[in-house]
Every structure is written in C-alpha cells, then in structure tokens.
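Student: I would like a close look at one part of this model, with enough detail to check it in a viewer. Could you take me through it in one connected answer?

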Amino acid sequence: MNKRLAASSLAALSIVFGSVVVSCNSDDDTNDYDIDTGYTPETMYSSTAITAFNLKADTKVLANLDSVFFTIDLEGQKIFNADSMPLGTDVRKLVPVIGTGGSSKIMLNYTDIEGNEKEEEYNSTSPDTICFSSPVKVTVTSLNETYSRTYTITVNVHNQKPDSLCWGDMAYSALPAIRGAKDAVTVEKGGMVYCYSTDGSAWQRASTDNPATPVDSWARESVNFGFTPRLSTLTATDGDYYVLSDNGTLYSSADGLSWSSAGKVWTWIYGAYESRVVGIAPDAGGYVHATYPEPQGYVASEVRADFPVGGTTRMLTYSSEWSSAPQGIIAGGHIANGNLTSAVWGYDGQAWNKFANMPLDAALDGMAIFPYYTFKTNTVNWTVTKQSTIFAMGGRKADGALSREVYISRDLGVNWHKADSLMQLPEQMESFAGARALVIPTVMHARSASDNGWESVTLRSLPAWCMLDGFFGGRAVAPITQWDCPYIYIYGGEDADGNLRDIVLRGVINRFTYKPLQ
C-alpha cells in the first residue's frame, strides 16, 4: 500500500528545507564553488602556479637535458635556466614537462621553426615538441576556470664560448705614460692604479681609481726621485712604496713621490708581503734573502743555488687553509748561473720553499701573474661552479724570443698546466715580457661603452670564438643595467726588441660579461 504525506507534513518539511538553504547561504561572500568543492579563492588561484618545469631527455640535443635546472619565479611569472646551455645546443624541438597544482588547462604560445605564431594546449601524457628559439608564453587556468596566469619560459643558450679569455678590438688602450716614455711600470695601492714612467730625463706618475677611463683623464704628477730608479722593481706594500736604484740601493716612500734611502743594497725585489717588501741581497759573492722592514731577530738566510735571483713573476699573496699566515708565491726567472727556471717558490713570511714546477717551457724571465677564475661545468645538470685560478703568461725565453703560452693553476700554485686553446693569446695580440697584470672590477653596462677611451686596433679578423657580436648580451631576465666585471689589465712590458710596449691590454672571461641575475 502506498503511503502519502499529509499536506500539513509537506508544509512543515518545506519550512525545514528552506531554513537549511537559507542557513547555507547566510554568508553573502561565499561562492557557488564552495558548495561543490569547499575550495577558497586562494586555493583556486594557487592552482595556476607552475610547480615544476624541465625538458624531456633527448641525447641527440644534449646529454642529461632533463637535468638542466630551471628557476621558477612565481612572482615575476618567469621560468629560465640561469646557467646557459652550451654553444650550439639546438632548442628548436624540445619537449617541455610542466607540473602544476591541478590546473584545468595549460596553453602554449610560441613561434615555430618557420616563424609562424602557434597556440596549442599542453598534454601532460604526450606533450608535443616546442620551439624555444624565442621565449614561450604559457598560460595556466585554474580548476574552476575563473583564474589564469601567464608565464614566460626562456631557454638560454650561450652565443659564444663562455669560458674563454676574449681579447677583442675594444681591449686596447694607450699606456698612461709620459710622452715619449722609454720605461714604465704600473702598481695598485689602496684602490688606486699608479703608472710611473720616464722619458729618460724626467719621471711622472699618472693615477686613477678607474682604469677603464680614457688615458687623458688620469691625474698626473712629476716625481723627483733624486736618483735613477729601476722602475721594473717598483713595489707597493700595505704600507709604503719601494724601489731599487740603478746601483741597487733600496729606497722607500710613504706617498710614492718623496723618496729616502733605506740603507740597504739589494739586487732584486720579488714583491710585497703585507707591509714588508721581500727581495734578495748580495753577500760575499753569493746572495741572501732579504726583507724590509726587518722583523725583530731577523737573520738573513743563504739563497739556494736553484733559487731565482731575478726575472721572476711579481709575488702573488693569498690566504690558504694550509697555513695560518698568508702564502706568497713567485714563478720563473733565472738562477745565479743565468739559467732560466720553471720552479714555483712559496713564502710564508719567514722562509722560502720550492713546492711546484710549471711545465718546462715555462722557464721564462718576466712572466705576468695574476689571480682570476675559471669555470667548471657539471654535465649532469649543467650547472656551473666558479673556481679560483692563478694565471701566468708572457715572458722571455732563453733565446730571447717571447712566449705566447698561458699557464693556469687551479690549486693555489701547486699544479700547473697550459690553459686550453680558448684561453691562449689570440694571434692578434703581441706577446710581452716584464708586464704588470692587475685584476680590477670594471662597471659593465647593458649597452657597450667600447668608445670609452679604448681604441679599435684590430688588424686581422678575430677567431670565431672571440667575435664581439652579442658580447654584452645578457642572459638575465631581470632589469639590471650595470654590474661589476673583473677585467684583467696588462700594463706595458717589453716587446721582442726590449722596447717599452706603450699599450694596455684588457681581457675578461666571457661569462663575466653576461648580465647577472637580480
């Protein structure tokens, strides 16, 4: 038998049901989708976030392509690989792998190989190849199709060899020396660069706090030594300046302009060790080690027969975990019998020890040495690590010819080898001996300032790896307009005939010129 509700019962039920509906909708700010899912607007908007991005493995394109690391900037809505992929990587047919918080749709907008604008929906189960030669737009729509966010994906590839020393047509300038200079030497002290020079009768000092500026903007002063200096020995310590006269007398100066005798006779200055200057002095037909000012209780020790007595690199000093005191090193030069040496000697503030040998062909007089960096690329995920590296280059061989080799050490001077071909001197650059090398941060701009006193003197075509097309092209997506770039400045030195090279060379590892990320 069918049971029916009485009219009064139906009325009562409708009242109860109506009160439930009113109760559920009592909050005017609650939307329909809250009834269906319980999600808040914030939850819905978060479903437009790209939570993961990588490229599908393809060994025909690049080993470990799927491990290339991409940065996801949710605030800026940008996705990019900060460490660019190697030069020549083909990015025209790559398969993206995109992860989200549960979106309803992902649309890709890009320019295909033929230059046509394309739009297609991303399929996570079988994604199509996309051309990443130019930035790709990706629009992610939320689960309830109410919100959307558009991202720009950029796949960065180097447009030149990133880890080469690039010496281009913009990397030459006149030496800031006295007119008609016969000799010159450059030192750095207290954030200033000083170039001392002579025309044979007068001496001058030019100075600047920014060596990238034009030569005519350097401040110039006359220097009255009161003696004839051997400019090649001029050294600046943490305290004073020092130089040897033509008869070997050691002179010192607090300001680099007024000089007085230190009452010592030396034959060579190796360089500065903190506030002291370190050299060598004659003694009973031989040589002894010398330092000035002499520490309390200092006793000069005899120089070994295989120790260089001249022509060495300038002393390079650095801190090391191997020693509580700073470590100074010199390389090359000639020993007492006139033979050249390729040995590397270390100084800890008290004693000298030979701890390394450069390659035999690095037995040279007058090499330039400087601390710099190289980069090591991890080919598993294509990330790059900066490594402290010591460079040595130039110098004169036993037969008088100039060396064109560049040598590097990545372990603080313990082991040395020839730098790879991209770091060797290009054919356009003449070699040198006795030059001074300084590494000084130079302000780089998003646009080239190559006419800032640096002359174009390239006589032959540059090798392909050293072309300057895009030299200042940034890899960054952030609006950075300038940044510090560690440029190598090589001042003066001698040419093959022993004459002063009235020129400054400027070089840099290409990677440093790329616009950094903010």
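Student: To begin with cross-links, how many disulfides does a search of the whole structure find? After that, please take me to R436 and its surroundings: which residues does R436 touch?

Tutor: Happy to. Please keep in mind that this is a predicted model. The search of the whole structure comes back with zero disulfides. A disulfide is a covalent bond between the sulfur atoms of two cysteines, and the search counts a pair of cysteine sulfur atoms as one when they are within 2.5 Å. Among the cysteines you can look up, C131 is buried at a relative accessible area of 5%, and C195 is buried too, at 0%.

Before we zoom in, here is the setting. The chain has 518 residues, 46% of which count as buried, and its secondary structure consists of three helices and 32 strands. Taking the contacts with a separation of 6 or more, 59% of them link residues 24 or more positions apart.

Now to R436. You will find R436 in strand 30, which covers residues 436–445. Is R436 buried or exposed? With 9% relative accessibility, R436 counts as buried, because the cut-off for that class is under 20% relative accessible area. Leaving out residues up to four places away in sequence, R436 touches V185, T186, V187, L231, S232, T233, L234, R314, Y489, I490 and Y491. The side chain of R436 also reaches the backbone oxygen of S232, at 3.0 Å. For a distance to check at the backbone level, try the C-alpha atoms of R436 and V504: they are separated by 9.9 Å, with their positions 68 residues apart along the chain.

The contact with S232 takes us to strand 15, which spans residues 229–236 and is mostly covered, with six of its eight residues buried. Strand 15 runs antiparallel to strand 16 (residues 241–245), and four bridges join the two. One position to check is R230, which stands opposite L244 in strand 16. The connection between strand 15 and strand 16 is a hairpin of four residues.

Since R436 is a charged residue in a buried place, other charged side chains make a useful comparison. The salt-bridge count comes to nine. One of these bridges joins the side chains of R205 and E221, at 3.2 Å from N to O. R205 belongs to strand 13 (residues 203–208) and E221 to strand 14 (residues 219–222), so this pair ties together parts that are 16 residues apart in sequence. R205 is buried at 6% relative accessibility, whereas E221 is partly exposed at 30%.

Another salt bridge is between D90 and R92, with the closest N and O atoms 2.9 Å apart. Here D90 is partly exposed at 33% relative accessibility, and R92 is partly exposed at 40%. D306 and R304 form a further salt bridge, their closest N and O atoms being 2.8 Å apart. D306 is partly exposed, with a relative accessible area of 24%, and R304 is partly exposed at 47%. Through salt bridges that share partners, R304, D306 and K354 become one network.

E120 offers a contrast: E120 is buried yet has no salt bridge, and K118, the nearest side chain of opposite charge, is 5.4 Å away. A salt bridge needs the nitrogen and the carboxyl oxygen within 4 Å. E120 sits in strand 6 (residues 117–121), and its side chain shares a polar contact of 3.0 Å with that of Y110. Not counting residues up to four places away in sequence, E120 touches I106, M107, L108, Y110, D128 and I130.

One last stop is an open sheet elsewhere in the chain, handy for comparison with the strand pairing above. Its four strands follow the order 26-27-28-29, with antiparallel pairing. Strand 26 (368–378) and strand 29 (417–418) are at the edges with a single partner strand each, so each has one side without a neighbour in the sheet. Strand 28 (residues 406–409) pairs with strand 29 over two bridges, again in the antiparallel sense. There, Y407 has K418 in strand 29 as its bridge partner.

Definitions and conventions: Residues are numbered from 1 along each chain as its sequence is written. This is a predicted model: local features need pLDDT of at least 70, side-chain atom pairs count only at pLDDT 80 or more; totals for chains, interfaces and linings use all residues. Side-chain values use heavy atoms; hydrogens and water are left out. Buried means under 20% relative accessible area, exposed over 50%, partly exposed in between (1.4 Å probe, protein chains only). Lys and Arg count as positive and Asp and Glu as negative; His and the chain ends are not counted. A polar contact is a pair of N or O atoms within 3.5 Å; within protein, one must be able to donate a hydrogen and the other to accept it, and residues adjacent in sequence count only if both atoms are side-chain atoms. Contact means heavy atoms within 4.5 Å. Two strands pair if DSSP finds at least two bridges between them.
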